[in-house]
Amino acid sequence: MLFLLTNDDGVDSPGLEHLALGLSVHGEVCVVAPERERSAAGHSITMHKPIRVRYKGERGERIRVWETSGSPADCVVVGVFDLLPRKPDLVVSGINLGPNLGDDLTYSGTVSGALEGFLCDVSALAISLTTFENPNWEVASQIATEIVRATMNLHSMVLLNVNVPNCTLDQIRGFSLTRLGRRRYRSRLTRRTDPFGRPYYWIGGILEEKEPEPGTDGWAIENNLVSITPITLDLTDYEGLKSLEPLRQELEELFSRR
Ligand code: MN
């Protein structure tokens, strides 16, 4: 088994290290990760300047580590098409410090690392630990490793977004297949003035306290369940394909009257 690991917290983050150690039991691990934190980098790629890569060495017998100047998506592309000895069996992105739930997914560098793996025709997992304080990496890594092992038995392509609640193994109540929930923020933008009288901004608000809907990823986490959401790259709104038919007809009519 050959695993390509990346993340958006940077190559030296403990979440990535724990994941690499856990997966090295099941195969060869190649870590290709950003040299600095790229959280909220989304699915960005570097196109207008070179991507630099530095080999950081081996960690034990089965883990090799590279860092790059690029985004998580860049790391996956460079790993798959150049650094790795062959196409990996799985791309795993994480373990992220902090949740990647619901509406936040499009911002996520962690999830985008997995998306890029899937675009390279490799099954991919994004794994996040839903806390910013006192992370229980051992538990998250153990669960991530089990999910990876089970995924490898599927024999079909998957793209999964996994969130692990931050608790002890005994407190985890099980695994739940979920859909993405809503995640809305208030006070999303803060405007301040710098010492020279010019305005500057901070993005990032406070999460609205709402009961998460049952069956969503956020609901699973609140109930101490590991959330597994199968995701897809297809952003098409299939309901809209039907409901927007009047719009198409109106445009058609206007066009024919010219
Ligand atoms: Mn992050």
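This is a short talk through one predicted structure, from its sheet to its metal site and a loop.

Hi everyone, thanks for coming. A word on the ground rules: since the model is predicted, local features need pLDDT of at least 70 and side-chain atom pairs count only at pLDDT 80 or more, while totals for chains, interfaces and linings use all residues. Residues are numbered from 1 along each chain as its sequence is written, and side-chain values use heavy atoms, with hydrogens and water left out.

Let's start with the sheet. It is open and mixed, built from 9 strands in the order 3-4-2-1-5-6-7-13-8. Strand 3 (53-58) and strand 8 (174-177) are at the edges with a single partner strand each, so one side of each has no neighbour in the sheet. From one strand to the next the twist averages 20°. Helices here (H or I, at least four residues) and strands (E, at least two) are DSSP runs, numbered from the N terminus, and two strands pair if DSSP finds at least two bridges between them.

Take strand 6 (residues 124-129) and strand 7 (residues 159-164): they run parallel and are joined by 6 bridges. Within that pair, Ile127 has Val162 of strand 7 as its bridge partner. Helix 4 (residues 137-152) packs on the sheet, touching strand 5 (90-97), strand 6 and strand 7 among others, and its direction makes about 160° with that of strand 5. Axes are lines fitted to C-alpha atoms, for helices over the stretch in contact, with angles from 0 to 180 degrees between N-to-C directions.

Now the interior. A nonpolar core means buried Ala, Val, Leu, Ile, Met, Phe, Trp, Tyr and Cys residues joined through side-chain atoms within 4.5 Å; buried is under 20% relative accessible area, exposed over 50%, and partly exposed in between, using a 1.4 Å probe and protein chains only. The largest such core has 33 residues, and Leu5, Val31, Val92 and Val164 have the most contacts inside it. Which helix gives the most to this core? Helix 4 does, with 7 residues. Val164 touches, among others, Ile127, Leu129, Ile143 and Val226 (contact being heavy atoms within 4.5 Å, and leaving out residues up to four places away in sequence). There is also a second, separate core of 22 residues, including Leu2, Leu4, Trp66 and Val122.

Helix 2 (residues 72-83) is worth a look too. Since 9 of its 12 residues are buried, helix 2 is largely enclosed by the rest of the structure. Among the buried ones are Pro72, Asp74, Cys75 and Leu83, and their cover includes strand 1, strand 4 and helix 3 (109-119).

On to the metal. The manganese ion has protein donors Asp8 (OD), Asp9 (OD), Ser39 (OG) and Asn96 (OD1), lying 2.1 to 2.3 Å from it. Along the sequence, these residues are spaced D-D-x29-S-x56-N. Donors are N, O and S atoms within 2.8 Å of the metal (3.2 Å for Na, K and Ca), and with water not among the atoms, sites may look incomplete. Asp8 is buried at 3% relative accessibility, and Asp9 is buried at 17%.

Last stop: Asp103, in the loop between strand 5 and helix 3. Is Asp103 buried or exposed? Somewhere between: at 29% relative accessibility, Asp103 is partly exposed. Its side chain reaches the backbone nitrogen of Arg183 at 2.8 Å. Setting aside residues up to four places away in sequence, Asp103 also touches Gly181, Arg182 and Arg184.

That's my tour, happy to chat!

Methods
Polar contact = N/O pair within 3.5 Å; in protein donor to acceptor, adjacent residues only side chain to side chain.
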